[in-house]
Amino acid sequence: MKNLSRNESRVLRLLVENSRLSISEIAKKLDISRNTVSCILKRLNDDYIERYTVDLKNDGDLYYIVKTDSIDNIDPGDIVEYYELMNGKYIVVLKNLTRINYESIDMAGARHRSGAITGISVYCDYCGSVITGESHTYEHKNRIYYFCCSTCKSQFLKERI
């Protein structure tokens with residue numbers, strides 16, 4: 001990658017502040033032609049911009065629920081609560097939608113807990129014993145199989161798949 005030109009830098013700065021700006025709005029703010037802005041955007045999209053994001057207004061009553069691979073890059077102050085799923089991913093309730101990679105997002109307008117859920121056990125799909133500690137998983141035809149150990153997983157795969 002080479003260095004950005006002055007106009008490329010100015011366009012990029014405007015997009016970082018507000019990625020919803022149209023080509024016409026950028027051209028007017030920078031006093032350059034729309035054609036020039038269009039060429040700059042093509043180059044920036046090809047070489048520098050990975051994706052455009054949306055920042056939602058937060059009125060204090062909105063929570064974001066995301067499914068993500070990791071919680072390591074999330075500010076702990078933004079996490080209301082989180083759950084580690086059996087497949088190693090996380091469901092996280094956030095106060096602020098931080099810049100993280102996530103698979104899906106939902107929003108909730110209120111938060112309350114009616115009591116903790118207890119007594120739920122997950123059983124091995126091979127031997128039937130209760131899974132304690134780290135589980136082993138295998139996904140096949142949109143179904144996830146859970147195993148208590150690597151031996152059960154390998155035996156299951158030998159016999160059924």
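Biologist: Which residues do ring pairs link into a cluster?

Modeller: They are Y145, F147 and F156. Please keep in mind that this is a predicted model.

Biologist: What makes Y145 and F156 an aromatic pair, and why is the pair called tilted?

Modeller: The ring centres are 4.8 Å apart, and rings pair if their centres lie within 6.5 Å. The planes make an angle of 45 degrees. Under 30 degrees would be stacked and over 60 edge-to-face, so this pair counts as tilted.

Biologist: How do you know that this pair links distant parts of the chain?

Modeller: Y145 sits in strand 6 (residues 143–147), while F156 belongs to helix 4 (residues 150–160), and the two are 11 residues apart.

Biologist: And why is the pair of F147 and F156 called tilted?

Modeller: Let's use the two values again. The centres are 5.0 Å apart, which is within the 6.5 Å limit. The angle between the planes is 55 degrees, and tilted covers what is neither under 30 nor over 60 degrees, so the name fits.

Biologist: Why are F147 and F156 called buried?

Modeller: The cut-off is under 20% relative accessible area. F147 has 0% and F156 has 2%, so both count as buried. Y145 is buried as well.

Biologist: Why does G77 count as partly exposed?

Modeller: Its relative accessibility is 43%. That value lies between the 20% limit for buried and the 50% limit for exposed, so G77 is partly exposed. You will find G77 in the loop between strand 1 (63–68) and strand 2. From G77 to L94 the C-alpha distance is 8.9 Å, although they are 17 residues apart in sequence.

Biologist: What makes strand 2 and strand 3 a pair?

Modeller: At least two bridges are needed. Here 5 bridges join strand 2 (residues 79–84) to strand 3 (residues 90–94), so they pair, and they run antiparallel. One of the partnerships is I79 with L94. The hairpin has 5 residues between these strands, and G88 there takes a positive phi near 90 degrees.

Biologist: How do you know that R10, in helix 1 (residues 6–17), has no salt bridge?

Modeller: The nearest side chain of opposite charge, D31, is 7.3 Å away. A salt bridge needs a distance within 4 Å, so R10 has none, and yet R10 is buried.

Biologist: What makes R10 and L30 a polar contact?

Modeller: A polar atom of the R10 side chain lies 3.1 Å from the backbone oxygen of L30. The limit is 3.5 Å, so that distance falls within it.

Note on methods
Residues numbered from 1 in each chain as written. Predicted model: local features only at pLDDT ≥ 70, side-chain atom pairs only at ≥ 80, totals over all residues. Heavy atoms only, no water. Phe/Tyr/Trp six-rings, centres within 6.5 Å; stacked < 30°, edge-to-face > 60°. Helix = DSSP H or I, 4+ residues; strand = E, 2+ residues; numbered from the N terminus. Buried < 20%, exposed > 50% of the residue type's maximum accessible area, 1.4 Å probe, protein only. Lys, Arg positive; Asp, Glu negative; His and termini not counted. Polar contact = N/O pair within 3.5 Å; in protein donor to acceptor, adjacent residues only side chain to side chain.
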